[in-house]
Amino acid sequence: MYSDKDGIFDHQNANDNPVRSSSASAMYAKAFAINPAAIGIVCLDNGLIVDVNETWQETFQCSRAGAIGRSALELQLWPSSEIRGQYLEELHRIGSFRNREYTVLRKSGESFTALCSAELMELQGEKFIVSTWLDISDRKRTEEYLKRNESLLSESQRIGHIGSWSREIGAKDIQWSDETYRIYGQDPATFHPTLALFVALIVPEDRALMKDFIRACEKGENPGEIEFRIMRPDGTVRILYGRGGLEVACDGKPLRILGMVQDISERKQAERAARESESRYRLIAENAADVIWVLDLETQRFKYVSPSVAKLRGYSPEEVMAQPVDMALTPESLKRVQELLALWIPQFIADPSIPGFATTEVDQPCKDGSIVCTEVTTNAVMSERGQVEIIGVSRDITERKRANEERARLSAQLQQAQKMESVGRLAGGVAHDFNNMLSVILGNVEIALAQTNTEPSLSICLEEIQKAGRRSANLTRQLLAFARKQAITPSIVDLNEAVSGFTKMLRRLIGENIVMEWKPSQDLWLVEIDPSQIDQILANLAVNARDAIAGIGTLTIETANIELDDKHQALGSGFVPGDYVQLSISDTGSGMDNETLKHIFEPFFTTKEIGKGTGLGLATVYGIVKQNNGYIDVCSQPGNGTQFEIYLPRFVGMIHPVSEENILEPPLDNPAKVLVVEDEPTVLTLATTMLEKLGYTALSATSAQDAISLLAHYPGNIDILLTDVIMPGMNGRELARRLLSDHPNLKCVFMSGWTADILESEGVIGPGIHFLQKPFTSDQLSSVLQNARRD
Ligand code: ADP
Ligand code: MG
């Protein structure tokens, strides 16, 4: 029995022990000592440790001296006596075993897993247990670690939809991870990928690409990444993304190629949709008439500006993006927009769901220095970097604004024109009736004055009546002029000549304190106007200038040729662009305020004291200008004088020599018979009385019907028909036509207090027609009758 504390292999005194007598046993003893496995020898009878080797001492952290002669149980190397019991029982039963796992303890109490092989041995009648113990806790840990890692990898592959694959160099088979199987839609139980089978899964167009990729992997080149399409067994095509490379051993020998694969079909589809949507929106933006832009508030620069900005402002989008945003607005608009932003951006940052500051109007400078007015609609968005961006649409509303202003101006003008029209109608109507009455008054006064036996005192009264009557006739004439209803005889006139001829008269009108400057322009175009109307215009404007100049001053009259285009629409409703002759009359007088300017052309508007002004001067000028299809404009400020511009259309027709109509000839001797037709009895009486005084035989009728039946029954010849134009029933023109068919030699003279335009439209006024404007004097009557008889 070995109770030797030195154990059975006494390394120090090997020669004293019979067991160690042979050299073989010395060798075994050495093998025992240096064995990398922990070896222990236990006496079966008493369970005491007989010997342990180096590794055993290290493994169990127990010295040989401390171990020999003690039992493992005593040394607390077993976690429990039950486990030790099982171990011994097993050994008894089968005598030996190999590689059983036991959890045992080191001396320190730390447990570890050991792989144990043990055998019962008999030596010189004694039984021993020889056991080897391999500490496999590290391996165990590594195994567990690897297992955990593997499951982690496979789980992350599943979650990330990333599969992996590998192929040994030269091998046919490819190893796929679970996720790779899922990506390819294949069943791991039935599908065993080889290179050929794998390539067959790829859509034919992408196979060459894949082959190149694999070749590069095998050569150890960097194959980069690959995008390819595969077809799954269910027929669906997926887009995959792959990377791969060569794995080499430490000695540089290639081991295998491996890589990853990912299904990017959804991402690709989303990318394509995003690209399509982006190109759609880009197309909309690039082709929009409005300017679409994105502004980065932080850098104060435009990130995008659509090409239409070039049309709007003359700058290219690149130029605008290179400029600071301030340059996109006029200083006033910039200030307003900054105020708006200061209010709105903090609100937006606090709650990005609030809508953008809807719409505002701004002025923007253009490259050529002009200004465009745009309507801007904006919206704020938070960029990916968390910065506020403003997306806006700018619409050119310059034209719309101009049109609105133009509409407002035209409507005001129309109102003014309508007012002038109705006032004109009223004035015209009154003047017409008044004219008839004045004819009677003046005619009768003339007859009365012609009576040789008139009382001298009565004559004075009659002359006063005549003067007042003539003044009234003058006033009436002005009213008719305003109502554009003067009977006029337009002729082709050189305005320079017409003005020059009147300057003497004007000088007299304005007096010595006012200097008159007359600046005729060279080669002035001709106009068609009744020259007496030019006199009326000049006289009225000159008198007003005189009244406006306190003390000394200047009246300037100028002429010029001028071409008026659409920009001059403001001159009046129904403005016709074209060539005009401009007549300017300006003074250095008091000028006018806006309120006065609004009313100056209205008849009877005057700021002058009673008795000084009639308020008919400018109304007359206005009427004359309108009657001649011209325009009048006035420019004045209190204290800065006044300038009137009159534009008369250029005459562009043929010029006929002026007929010398008004040359009076001595009355013809043989008395003629005149039929007077007039519905107004007083005028009728007046006319017949005058005719008789002039030596004519007068017959009278109060209507066209009367005249026709009178002539039908009249035994003798009638030489002249003197008829009113406008009469109830039948007008004068029609009457003349009827009578002329039976009496072709009848001479016709028309008289009227009515207005030029109506008479023109009736075809009464025109060349070869004898016309007598009411009220008339007997001289005028005589002259027109003589002219008629001479025809
Ligand atoms: P009247 O001269 O009889 O007042 P008008 O029709 O000629 O009537 O003029 C109307 C008003 O227009 C004048 O009362 C005056 O207030 C103003 N006016 C006209 N011409 C001038 C002028 N050249 N300078 C200042 N005011 C003027
Ligand atoms: Mg006046």
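Here are some notes on the ligand site and a few salt bridges in this predicted model.

1. Start with ligand 1. Its surroundings come to 19 residues, and the closest of them are Asn544, Asp587, Thr606, Thr607 and Lys608. If you want a place to begin looking, pick any of those five.

2. What kinds of residues make up the shell around ligand 1? Polar ones number 11, nonpolar ones 6, and charged ones 2.

3. Two helices are worth finding on the way. Both α16 (531–548) and α18 (617–627) supply at least two residues each to the shell around ligand 1. The biggest giver is α16, with 3 residues.

4. Next, have a look at the backbone around the ligand. Leu618 has a backbone N or O atom 2.8 Å from an oxygen atom of ligand 1. For Thr614, a backbone N or O atom sits 2.9 Å from a ligand oxygen, and for Gly617 the corresponding distance is 3.5 Å. As for cover, ligand 1 has 520 Å² of accessible area on its own, and the protein covers 94% of that.

5. Away from the ligand, there are 41 salt bridges in the structure. One of them joins the side chains of Arg64 and Asp51, at 2.8 Å from N to O. Arg64 belongs to helix α3 (residues 64–67) and Asp51 to strand β2 (residues 49–52), so this pair ties together parts that are 13 residues apart in sequence. Are these two residues buried or exposed? Arg64 and Asp51 are both buried.

6. Another salt bridge pairs the side chains of Glu101 and Lys140, at 3.5 Å from N to O. Here the partners come from distant parts of the chain, 39 residues apart: Glu101 is in strand β3 (residues 96–105) and Lys140 in helix α5 (residues 137–160). Glu101 has a relative accessible area of 45%, so it counts as partly exposed. Lys140 is partly exposed too, at 25% relative accessibility.

7. For a pair within one helix, go to α9 (residues 265–287), which holds both Glu271 and Arg267. They lie 4 residues apart, about one turn of the helix, and form a salt bridge whose closest N and O atoms are 3.4 Å apart. Glu271 is partly exposed, at 32% relative accessible area, and Arg267 is partly exposed at 43%.

8. Don't stop at that pair, though. Which residues join Glu271 and Arg267 in a network of salt bridges? Glu227 and Lys268 are linked with them.

Terms used:
Residues are numbered from 1 along each chain as its sequence is written. Chains are lettered from A and ligands numbered from 1 in the order in which they are written. This is a predicted model: local features need pLDDT of at least 70, side-chain atom pairs count only at pLDDT 80 or more; totals for chains, interfaces and linings use all residues. Side-chain values use heavy atoms; hydrogens and water are left out. A residue is near a molecule or strand if one of its heavy atoms lies within 4 Å of it. A polar contact is a pair of N or O atoms within 3.5 Å; within protein, one must be able to donate a hydrogen and the other to accept it, and residues adjacent in sequence count only if both atoms are side-chain atoms. Accessible areas come from the Shrake-Rupley method with a 1.4 Å probe; for residues, only the protein chains shown count as cover. Ala, Val, Leu, Ile, Met, Phe, Trp, Tyr, Cys and Pro count as nonpolar, Asp, Glu, Lys and Arg as charged, and the others, Gly among them, as polar. A salt bridge is a side-chain nitrogen of Lys or Arg within 4 Å of a carboxyl oxygen of Asp or Glu. Buried means under 20% relative accessible area, exposed over 50%, partly exposed in between (1.4 Å probe, protein chains only).
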